[in-house]
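User: I'm new to this structure and would like a close look at a single part of it. Could you choose where to start and talk me through it in one connected answer?

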Amino acid sequence: QALDRGWPVVATVRSDRSIGSTTYGLAVVDAPAALLVSSLVVSLAALFGALYLMHRLVELELGPRAARLSVLMLALSPGALWLGVPYSESLFLLLSVGVFYCARTDRWALAGACAGLASATRSAGIVLVVPLLILWWQSRERRARDLGWIALAPLGLVAYSVFLAIS
């Protein structure tokens, strides 16, 4: 019905570096202002999620004082400007930190899913396979099943490539 009215439909995984098209699923937007507001909401939600997961990860590794300091340094760094605008940086940061946190807490299925989504967000996400394999190798229980979850990482890039081929 929305397509009959000529409204633009956002259903892509990514478009250049805009977060408006990084929203997964189908979103009908009837005005550029609505797309901008929704993009900002997604970007800021991803930023806060990334800061939360980063705090949890650093607290796990180095303790609460280092966790607070690292989150503060990231949030106040000059490069953090790009984390609050409608680009995919904050989403990629959320997914990348999610990969490490999930791997460190032995949640390999979530780690693989985050890596796959990160590689769908940008092609550099495929590089997350390397630290995932290192963390898997260093884990106490090396199960082949967990290695299978790591194989999800390239699927995001493959899915985006197929999407580009058919559209």
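Analyst: Arg 143 has a relative accessible area of 31%, so it counts as partly exposed, since that value falls between the 20% and 50% cut-offs. Please keep in mind throughout that this is a predicted model. The side chain of Arg 143 has a partner: it forms a salt bridge with Asp 146, with 3.1 Å between the closest N and O atoms. Is Asp 146 buried or exposed? With a relative accessible area of 3%, Asp 146 is buried, because anything under 20% is put in that class. This bridge therefore joins a partly exposed arginine to a buried aspartate.

Let's follow that kind of contact through the rest of the model. The structure holds three salt bridges, and another of them pairs Glu 89 with Arg 122, at 3.4 Å from N to O. The two partners sit in distant parts of the chain, 33 residues apart: Glu 89 belongs to helix H3, while Arg 122 is in the loop between helix H4 (108-121) and H5. Both Glu 89 and Arg 122 are buried.

There is also a salt bridge between Arg 104 and Glu 61, whose closest N and O atoms are 2.2 Å apart. Arg 104 is part of helix H3 and Glu 61 is part of helix H1 (residues 32-62), so this pair ties together parts that are 43 residues apart in sequence. Both ends are partly exposed, Arg 104 at 37% relative accessibility and Glu 61 with a relative accessible area of 41%.

Arg 104 leads us on to a pocket. The largest pocket has a volume of about 150 Å³, and Arg 104 is one of its lining residues, together with Ala 103, Asp 106, Leu 135, Gln 138, Ser 139 and Arg 140. Which elements give two or more residues to that lining? They are helix H3 (89-104) and helix H5 (129-138). By character, the lining divides into two nonpolar, two polar and three charged residues.

One of those lining residues, Asp 106, deserves a second look. Asp 106 lies in the loop between H3 and H4. Asp 106 has a positive phi of about 60°, although it is not a glycine. Most residues other than glycine have a negative phi. Asp 106 is partly exposed, with a relative accessible area of 46%.

Now for a part of the surface with another character. Leu 69, Leu 72, Met 73 and Leu 76 form a nonpolar patch there, and together they have about 430 Å² of accessible area. Among them, Leu 72 is found in helix H2 (residues 64-76). Its relative accessible area is 47%, so Leu 72 counts as partly exposed.

Finally, here is the setting for these pieces. The secondary structure of the protein comes to seven helices and two strands, and along the sequence they follow the pattern β-β-α-α-α-α-α-α-α. How much of the protein is buried? Buried residues make up 37% of the 167 residues, and among the residues we have met, Asp 146 is buried, as are Glu 89 and Arg 122. Arg 143, where we began, is partly exposed.

Key
Residues numbered from 1 in each chain as written. Predicted model: local features only at pLDDT ≥ 70, side-chain atom pairs only at ≥ 80, totals over all residues. Heavy atoms only, no water. 1 Å grid on protein atoms, 1.4 Å probe; cavity = no way out; pocket = protein on both sides within 12 Å on 5 of 7 lines; lining within 4 Å. Points joined across faces, edges and corners; volume = space filled by probe spheres on them. Helix = DSSP H or I, 4+ residues; strand = E, 2+ residues; numbered from the N terminus. Nonpolar A, V, L, I, M, F, W, Y, C, P; charged D, E, K, R; others polar. Salt bridge = Lys/Arg side-chain N within 4 Å of Asp/Glu carboxyl O. Buried < 20%, exposed > 50% of the residue type's maximum accessible area, 1.4 Å probe, protein only. Patch = residues over 30% accessible without salt bridge, like charges linked within 9 Å, V, L, I, M, F, W, Y side chains within 5 Å. Areas by Shrake-Rupley, 256 points an atom, 1.4 Å probe, with all protein chains shown as cover.
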